Amino acid sequence: MALFNFHFDRPGPGVSPDAPRKKGPARFFEMLGRDFVSFYLAGMLALASAMPFVLGVWFAVDTHSLVPLLLAGVLGGMIAAPQLCGLLDTILRSLRDEPGFWWTTYRRAWKRNAKASLLPGAIGGLLLAMQIFTVFHYDISVGVVPGALLAVGLFLLLGLAELLFAQVALLEMPFAGMLKNSLFLFLGYLPRAALGVLWQFVYWIVILLLWPLSGFALLITGFWLPALLTMQAIYPVLDKAFDLERQIKAKRDAELDS
């Protein structure tokens, strides 16, 4: 796997470690210029692992079958979840400017988070599959209220999922505790959480509206682009709630001292 070790994440020459971090678009392009290869490789692994979910849900929608839908949601979600957490771990390390060889840190994070990600993947995959199935079978003649409820449900699902999977990548905690944290953080920091969901909506709506022309863009941006925008939106919330950077720095310093 030496192929994956050529890229070393680093703040960059001439950047003081005490310099205040950039914000907004400047921060986005700073991370992109420094860690694009890491984002791309982790994103492609996540995209490839999502294919069983995508193909299974597509088959269920096309055949109007519920059994394939349930299988695709549960099993597809469990297959994709460890790679999604690996992608989020890569992005979160970039957000806190943590150096390291990508493949080494990705593999270590994957092993640490694989088991913990299976239950969130199964539940999240099932709920998302059901939402997608309902969207494609929605009859507009029944009125706008069911459609509005469907949109709200999808918004809540994505909002909780972005916080939940980020916690899987960051913390060692029972699923019930992470779910409770996700709900409290989502409600307590609604503007930030909503911004993260908005990036997801915009990205996937553009991909769907321009399909199949957007297929090439999907191969380039994969899952990493919407995930990066989402994590950039909610990272201040996570850092404030869990005091991430101070605790991670203290743990790293203790490991170095020992």
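This text walks through the nonpolar cores, the aromatic pairs and one buried glutamine of the structure above. The model is predicted.

Start with the inside. In soluble globular proteins, nonpolar side chains tend to be buried together. Here, the largest nonpolar core has 47 residues. Which of its members touch the most other members? They are Leu87, Ile91, Met231 and Leu238. Many helices feed this core. At least two residues come from each of α1, α3 (66–95), α4, α5, α6 (175–188), α7 (190–209) and α9. Helix α9 gives the largest share, with 12 residues.

Now zoom in on Leu238. Leaving aside residues up to four places away in sequence, Leu238 touches Leu92, Leu163, Ala166, Leu170 and Leu185. Asp243 and Leu244 are also on its contact list. There is a second core too, separate from the largest one. It has eight residues, including Phe53, Ala60, Val61 and Ala72.

Next, look at the rings. The whole structure holds 10 aromatic pairs. One of them joins Phe36 and Trp224. Their ring centres are 5.7 Å apart, and their planes meet at 85 degrees. This pair is edge-to-face, because planes over 60 degrees apart count as such. Where do the two partners sit in the chain? Phe36 belongs to helix α1 (residues 24–49), while Trp224 belongs to helix α9 (residues 224–242). They are 188 residues apart, so the pair links distant parts of the chain.

Are these two residues buried or exposed? Phe36 is partly exposed, with a relative accessible area of 34%. Trp224 has 5% relative accessibility, so this residue counts as buried.

Compare a second pair, Trp103 and Tyr106. Their ring centres lie 5.9 Å apart and their planes are at 15 degrees, so this pair is stacked. Both residues are in helix α4 (residues 102–136). They are three residues apart, which is about one turn of the helix. Trp103 and Tyr106 are both buried.

Rings can also gather in groups. Phe36 and Trp224 join Phe39 and Tyr40 in a cluster linked by ring pairs.

Finally, turn to Gln167. This residue is found in helix α5 (residues 144–170). Its relative accessible area is 0%, so Gln167 is buried. What does Gln167 touch, not counting residues up to four places away in sequence? The contacts are Met173, Met178, Asn181, Ser182 and Phe242.

Technical notes: Residues are numbered from 1 along each chain as its sequence is written. This is a predicted model: local features need pLDDT of at least 70, side-chain atom pairs count only at pLDDT 80 or more; totals for chains, interfaces and linings use all residues. Side-chain values use heavy atoms; hydrogens and water are left out. Helices (H or I, at least four residues) and strands (E, at least two) are DSSP runs, numbered from the N terminus. Buried means under 20% relative accessible area, exposed over 50%, partly exposed in between (1.4 Å probe, protein chains only). Contact means heavy atoms within 4.5 Å. Rings of Phe, Tyr and Trp (its six-membered ring) pair if their centres lie within 6.5 Å; planes under 30 degrees apart count as stacked, over 60 as edge-to-face and the rest as tilted. A nonpolar core is a set of buried Ala, Val, Leu, Ile, Met, Phe, Trp, Tyr and Cys residues joined through side-chain atoms within 4.5 Å.
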